[in-house]
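Visitor: Please take a close look at one part of this model and stay with it.

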Amino acid sequence: MPETRSDAEAKRKVWEMIKDIDIAMMVTEDDQGRFRGRPMRAVNKEFDGVLWFFATAGSPVTGEAANDGRVLLAYSNPSSQDYVSISGTAETVKDVAKQKALWSEPLRVWFPAGPEDPKIALIRVECEGAEYWDSPSSTLVHAYGYLKAVATGEPPHPGANDKVDFTKQAG
């Protein structure tokens, strides 16, 4: 069973695991109670427990964030065997200064008018909890795990699995 941690190092580890993963699946709940997931890219340059996403104002994701702010973000990097899920509360924000601060030119593909485009909304996700699986990714480690399982009948212990509570301060 994973340990629940709230220390600064655990929170940093979550950031280290997700910062280079380009796309997360953001899961929201629609007005009929169905879960909806879509690919989203966090635009943070640093991390303080809040993740920022650009979206189109009036789109389903901004509406769902406004109606029921609960979200789940799922990050996956199979090549390094890193997996992270983050639960949090989302809100839709209209803030041109923040849009300019978070802007990068690749966003122009979706928002050709630039960071001051009135069609832009930001989704601010306040992270409440995370769980990560950090496994060794080498073929030799997996081969060893397979051989151990066959020889002993027990699965290997491939890496770290911890929960992180962002709502508590490290004490």
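Visitor: In the hairpin of β2 and β3, how many residues lie between the strands, and which residue takes a positive phi?

Guide: Residues are numbered from 1 along each chain as its sequence is written, and side-chain values use heavy atoms, with hydrogens and water left out. The model is predicted: local features need pLDDT of at least 70 and side-chain atom pairs count only at pLDDT 80 or more, while totals for chains, interfaces and linings use all residues.

The hairpin has five residues between its strands, and glycine 33 has the positive phi, near 80 degrees. Strands are DSSP runs of E, at least two residues long, numbered from the N terminus; two of them pair if DSSP finds at least two bridges between them. Here β2 (residues 24-29) and β3 (residues 35-40) run antiparallel and are joined by six bridges. One of the pairings sets threonine 28 opposite arginine 36 of β3.

β3 also helps to line the largest pocket, as does β4, each with at least two residues. A pocket is an open set of points on a 1 Å grid over the protein atoms alone, where a 1.4 Å probe fits, with protein on both sides within 12 Å along at least five of seven lines; lining residues have an atom within 4 Å of a point. This pocket holds about 300 Å³, and of its 13 lining residues Pro39, Met40, Arg41, Phe54 and Trp110 are closest to the centre. The volume is the space filled by probe spheres set on the points, which are joined across faces, edges and corners. β4 gives the most to the lining, four residues.

Confidence is given as pLDDT, the predictor's per-residue score from 0 to 100. The chain has a mean of 87, with 85% of residues at 70 or more, and strand β4 (residues 50-56) has the highest mean of its elements, 97.
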